[in-house]
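Please walk me through this structure in the viewer, stop by stop. Tell me what to select next and what is to be found there.

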Amino acid sequence: MRVKFWGVRGGLAAPGAACADTGGNTSCIEVRTATGALLVLDAGIGLYWLGRSLLAGAYGRGQGEATIFLARTHWDHIQGLPFFVPAFLPGNKIHIHGCGHAGKDLRTILEGQMAESYSPIVSLKNMPSIGNVKDVALGQTLETGGVSVRAHVVNRGKADAPSVAWRIDEDGRSLVYVTDVEYDKGVPDAETIAFAREADLLVHETFFTDDERRKGEGGIILSLPPQARRNHATFGEATELGLRANARKLLCTHHHPDRDDQTIARAIEAERDRVKGRKGTLSVDTAREGFELPV
Amino acid sequence: MRVTFWGVRGSFPVAHPKVTRIGGNTSCVALRAEGAPLLVIDAGTGFRHLGRQLRESEFAKGKGEGALLLSHTHWDHIQGFMYFEPFFKEGNKFTVVARGDHDRKLKQIFQAQTESPYFSYGLDSFKAELTWKPVMEDEQFSIGPWRISTVRLNHPGVALGYRIEHGGRSFIYMTDTAPYTEQWLEHGFHVRKPEKDPEALDRLRAHGKKLDAFTKGADLLLYDTFFTPEQYGQNPHWGHSTPDEGLRVAREGGVKSFYFFHHHPEAWDDDLEARVKSYAKRFGSSDLRIDVAREGETIEM
Ligand SMILES: [Zn+2]
Ligand SMILES: [Zn+2]
Ligand SMILES: [Zn+2]
């Protein structure tokens, strides 16, 4: 499969030159399977730009199909959906998988996103090419486009909307996507380690630095409420999961909107040193918008 | 008064190398005047950056007072709301103004888009004191020394335009709106369906006519120039306008300067700058200055 990043920010988009090298769009990753099927991880604003790139091909003619897997229904993971042009062109089939919460299924939550108060779309029904909207069946494997897709709920049992980690396996190669996760005491749990085991590519959120976590800081800003300082992992924790799961490559994503290119580069250097110190072979880099790689 | 542009983009924030000069944050404009509370219009992603800049101000000490006027609650106009630092400091006082008939309903709109499953914290995490003030079109009210009046704009879900006066100067904020010519936009989902019924066309014209009095003699009109005339022709039901229509409104009202605003996500810097230049050359004069709202820029009025 091939993987391309369209959005690597978390929380809010980060327009401007300071973040331009890494990219400032909220979460979205394109995955192309060997058979050419299109899988999309998350529907942040990056989805607009992905949609735009598809219009020259089958999707512009209403002959395209795609499946979107949502890590979460927080705004930064769904806000690109009403701007995904292929979903408005009749004939395309755009399926969405994700996790409901507190008695609301995924469709109800996405309907709430389109409500008249917030969007001129008013209802999901006005996006004629939205196909199946499915709540994740945990423990099940979905076979699609020549790959198998599995879901694992992280942040289980918390009051907030659950986050779903996704794993895509294709012919012995694997991609694992973990975001919006908070590890107890900063240590990845056994289940998540097992889920990411031997991943060729681990894409993991790094919203916080380890310093911010140590000082009890973080969140978008220091004065934000305690709730805003949770629910996310650090660069160090991402590396820790990569090492413990014996993954080949780690790409850091879901960067804080205040994290400029230089700070990210320094954080990546520190993680490479950490890997060396542990005599590991995990390769570490940041995900960058527009960056494409084979898995 | 002093006007600062913190976000000038429409629809969604644009993180793209071709918009770094004019800016990619969604709508947010701040108005300041000596001895007057801070006045902010719209809470797009620019609102977060405004909040950070206030770290050096009375808001950091919990002694700030301000008001936030919302054109409407579409996402590009409220997505920075939960990221505004002064909301998290005890002692600060804010009035949130938007179109509506009940303060609880207004608060509910914000409550429902924050918290789980859409967000990780809610309004109850704010420490500042927020007062919700619903207003309708054709109303007049004051926030401290600011004199404010409203007009109904032609936009799905309905938006409000604001005229703000202080110290003999007047500033008009007019986005999001379509021209009052083809379609009447209000509730529900709109498809392209130009109005044919003469009565409906009369109603449209009558509402459009209100803009003349509303903009009369204003010093500055900040206007929804989202579309080129060609794009508008394809999408009269989207609720956005063109520089041509905006300049017509400006001329009718005898407005002194006109600013392009709520830029299309794909209005690249080079193209937009060239377009503004061309409009300024064709339609600008010593009576009507034409310019473009750039993120980070401050205008002394
Ligand atoms: Zn997130
Ligand atoms: Zn707008
Ligand atoms: Zn709008």
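Start in this predicted model by selecting Phe47(B) and showing what surrounds it. Leaving aside residues up to four places away in sequence, Phe47(B) touches Cys28(B), Val40(B), Asp42(B), Leu68(B), Gly80(B), Phe81(B), Phe84(B) and Phe87(B). Phe47(B) belongs to the largest nonpolar core, which has 71 residues. Within this core, Phe47(B) and Phe81(B) are the members that touch the most others. Now colour helix α1 of chain A, residues 46-54: this helix gives the most to the core, with 5 residues. In soluble globular proteins, nonpolar side chains tend to be buried together.

Apart from this core lies another, of 56 residues. To find it, select Val97(B), Val135(B), Tyr180(B) and Tyr259(B), which are among its members.

**Aromatic pairs**

How many aromatic pairs does a search of the whole structure find over all chains? The count is 32. For one of them, go back to Phe81(B) and add Phe126(B): the ring centres are 5.8 Å apart and the planes stand at 45 degrees, so the pair is tilted. The angle falls between the limits of 30 degrees for stacked and 60 for edge-to-face. Phe81(B) is in the loop between β4 (65-69) and β5 (93-99) of chain B, while Phe126(B) is in the loop between α2 (103-113) and β6 (129-135) of chain B, so the pair ties together parts 45 residues apart in sequence. Phe81(B) and Phe126(B) are both buried.

Next, select Tyr223(B) and Phe258(B). Their rings also form a tilted pair, at 5.9 Å centre to centre and with 40 degrees between the planes. Tyr223(B) comes from strand β11 (residues 220-224) of chain B and Phe258(B) from strand β12 (residues 257-261) of chain B; the pair links distant parts of the chain, 35 residues apart. Are these two residues buried or exposed? Tyr223(B) and Phe258(B) are both buried.

**Charges over rings**

Show the side chains of Lys133(B) and Phe141(B). The charged end of Lys133(B) sits over the ring of Phe141(B), 4.9 Å from the ring centre. Then move to Arg282(B), whose charged end sits over the ring of Tyr279(B), 4.7 Å from its centre.

Keep Tyr279(B) on screen and add Asp244(B). Asp244(B) touches Tyr279(B) and Pro229(B), not counting residues up to four places away in sequence. Asp244(B) is part of helix α5 (residues 243-253) of chain B, and its relative accessibility is 30%, so it counts as partly exposed. From Asp244(B), draw a distance to Phe283(B): the C-alpha atoms are 9.4 Å apart in space, and the residues are 39 apart in sequence.

**Zinc sites**

Turn to chain A and select the zinc ion (ligand 1). Which residues coordinate it? The zinc ion (ligand 1) is held by Asp76(A), His77(A), Asp180(A) and His254(A), with donor atoms at 2.1 to 2.8 Å. Along the chain, these donors follow the spacing D-H-x102-D-x73-H. Asp76(A) has 7% relative accessibility and counts as buried because the limit is under 20%. His77(A), at 0%, counts as buried too.

In chain B, select the zinc ion (ligand 2). Its protein donors are Asp76(B), His77(B), Asp176(B) and His262(B), lying 2.1 to 2.2 Å from it. In sequence, the donor residues are spaced D-H-x98-D-x85-H. The angles among the 4 donor atoms run from 93 to 160 degrees, and the site is irregular. Asp76(B) and His77(B) are buried. Now add the zinc ion (ligand 3): it lies 3.7 Å from the zinc ion (ligand 2), and Asp176(B) bridges the two.

**Two last stops**

Select Thr192(A) in helix α4 (residues 190-196) of chain A. Thr192(A) is buried, with a relative accessible area of 0%. Not counting residues up to four places away in sequence, Thr192(A) touches His152(A), Val154(A), Tyr183(A) and Leu241(A).

Finish at Gly91(B), in the loop between β4 and β5 of chain B. Gly91(B) counts as partly exposed, at 36% relative accessibility. With residues up to four places away in sequence left out, Gly91(B) touches Gly62(B), Gly64(B) and Lys127(B). From Gly91(B) to Leu31(B), C-alpha to C-alpha, is 21 Å in space, and the two are 60 residues apart in sequence.

Technical notes
Residues numbered from 1 in each chain as written. Chains lettered and ligands numbered in written order. Predicted model: local features only at pLDDT ≥ 70, side-chain atom pairs only at ≥ 80, totals over all residues. Heavy atoms only, no water. Phe/Tyr/Trp six-rings, centres within 6.5 Å; stacked < 30°, edge-to-face > 60°. Helix = DSSP H or I, 4+ residues; strand = E, 2+ residues; numbered from the N terminus. Buried < 20%, exposed > 50% of the residue type's maximum accessible area, 1.4 Å probe, protein only. Lys NZ or Arg CZ within 6 Å of the ring centre and 35° of its normal. Core = buried A, V, L, I, M, F, W, Y, C linked by side-chain atoms within 4.5 Å. Contact = heavy atoms within 4.5 Å. Donors = N, O, S within 2.8 Å, 3.2 Å for Na, K, Ca; no water. Tetrahedral: all angles 85-135°; square planar, octahedral: opposite > 155°, others 65-115°.
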